[in-house]
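Colleague: I would like to learn how to read a model like this one. Could we start with how two helices meet?

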Amino acid sequence: MIGGGYVGLVSGTCFAEFGTDVAIVETNPDRLAALREGRIPIYEPGLDRLVAENVEAGRLTFGDDIAAAVKGADAVFVAVGTPSRRGDGQADTSYVYAAVEQVARVAEGYTLIVTKSTVPVGTGREIARIVHATRPDLDFDVASNPEFLREGNAIVDFMKPDRVIIGTDQSKPGGTERAQNILRKLYRPLYLLERPIVFTGLETAELIKYAANSFLAMKITFINEISDLCEKVGADVNDVARSIGLDGRIGKKFLHPSPGFGGSCFPKDTRALTAIGRNAGSPVRLIETTVAVNELRMKAMGERVIALAGGDVKGLTIGVLGLTFKPETDDMREAASIVVLDQLDKAGAQIRAFDPAGMETARPVLPKAVTYCKDALDAATGADILVVLTEWNEFRSLSPEKLKARMTGRKVADLRNIWDPESLKEAGFDYISLGRPDMVHTA
């Protein structure tokens, strides 16, 4: 497994749990040192235990020697980063191609190179070209095996996936039976659990990941716009979402109003898909609009908080609950809190914030003046306004009376709809949420 980041570490560890010997290659010295010492450099529930058990069993190792890891391997997975390229939103595949070239140089005998990273359509073909140019003598196959791991639920997603997608070069003379058989063997535990394993061509597998994530991002953006409409017409978005979600053609997931989608996948993958469409001369306009609406959504959330304060937050203390883009992760990439807190800081507010897992990762990307607190009640202490940005479960149990005892003001902006509006109103709070206009009380 080339790459010991989120995808590589989770995937490699889960393969080891299946009984496969896995060597994870990580060239970042700090991350490698942490892994060797048993310290998990990412936050993912249950991963530390799984890593420790498989290291102890001898099935999982960490190193920086690609040649040693590749030697004798049945398959070499590439799981390095593909960040958005500045300017055009396309995925930066330079790390993938660099890793592939290194693998090609040290490979001995038949080699199956599998992209686990999310890569644009055509990457598999370019990988084949690079390998041919680097090692004309090498017998190899290229496959695409995109990951569908949700942060905070990644182990379950790997062990009990909705489906496994495996793309191979079906135009190759002689077929790709050898590559398919290797991957069938690796995923045999899932086959026994009757989890769908779908074999496709390279280009199809590469596009599936972008199409899936972009559809889910579009679904989030849809319910956010419906939430805004609910506020205008007097409807309740929770009832709307539940009712349309009961339609089997739609489904209930990803229909929760929010400050906008963030994280390592949806923003990057929606931008990449729009770039793929433009380059192919077939623009995906729904996703282009989704990207634009989501960016505006985050800015609108900051404006809502300022409006709750009467249009001016200068000199006010604002308590913030939750910083990460979603609960059960420490990931701050493209989190709504980055946009919202920047707005509030520039408007002159004093910010007290708490997040159960993300405060260390938040420090480099949030305003320097933010005060980081020991717990949720500490963040609420002295606050004129309390803002919920991430729906961590521990926030749901906070009683209105405890908040009231800690806060100076009585204004709450619940941007995740985690609290019962009537309870907050009865406690004397000026409470706003998303898509529930009949519950809004203006003091």
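Modeller: This is a predicted model. To read a helix pair, begin with the residues that touch. Thr270, Arg271, Leu273, Thr274 and Arg278 in H12 are in contact with Ile287, Glu288, Val291 and Glu295 in H13.

Colleague: How do the residues of the contact of H12 with H13 divide into nonpolar, polar and charged?

Modeller: Three are nonpolar, two are polar and four are charged.

Colleague: At what angle do H12 and H13 pack?

Modeller: Look at the two axes. Helix H12 covers residues 266-280 and helix H13 covers residues 285-308; they pack at about 145°, and their axes are 9 Å apart. The crossing of H12 past H13 is left-handed.

Colleague: Next, the interior. Which residues have the most contacts inside the largest nonpolar core?

Modeller: A core is read as a set of buried nonpolar residues joined through their side chains. The largest one here has 52 residues, and Ile318, Leu321, Leu323, Leu341, Leu403 and Trp419 have the most contacts inside it. Leaving out residues up to four places away in sequence, Ile318 touches ten others by name: Val305, Val313, Leu344, Ala349, Gln350, Ile351, Arg352, Ala383, Ile385 and Val387. A second core, separate from this, has 38 residues, among them Val114, Ala154, Ile166 and Ala179.

Colleague: And the whole chain: how many helices and strands does it have?

Modeller: There are 19 helices and 13 strands. The radius of gyration is 24 Å, close to the 22 Å that the globule rule gives for 443 residues, so the chain is as compact as a globular protein of that length. Of those 443 residues, 52% count as buried.

Conventions: Residues numbered from 1 in each chain as written. Predicted model: local features only at pLDDT ≥ 70, side-chain atom pairs only at ≥ 80, totals over all residues. Heavy atoms only, no water. Axes fitted to C-alpha atoms, helices over the stretch in contact; angles between N-to-C directions. Helix = DSSP H or I, 4+ residues; strand = E, 2+ residues; numbered from the N terminus. Left-handed = near helix turned anticlockwise from the far one by under 90°. Contact = heavy atoms within 4.5 Å. Nonpolar A, V, L, I, M, F, W, Y, C, P; charged D, E, K, R; others polar. Core = buried A, V, L, I, M, F, W, Y, C linked by side-chain atoms within 4.5 Å. Buried < 20%, exposed > 50% of the residue type's maximum accessible area, 1.4 Å probe, protein only. Rg over C-alpha atoms; globule rule 2.2 N^0.38 Å.
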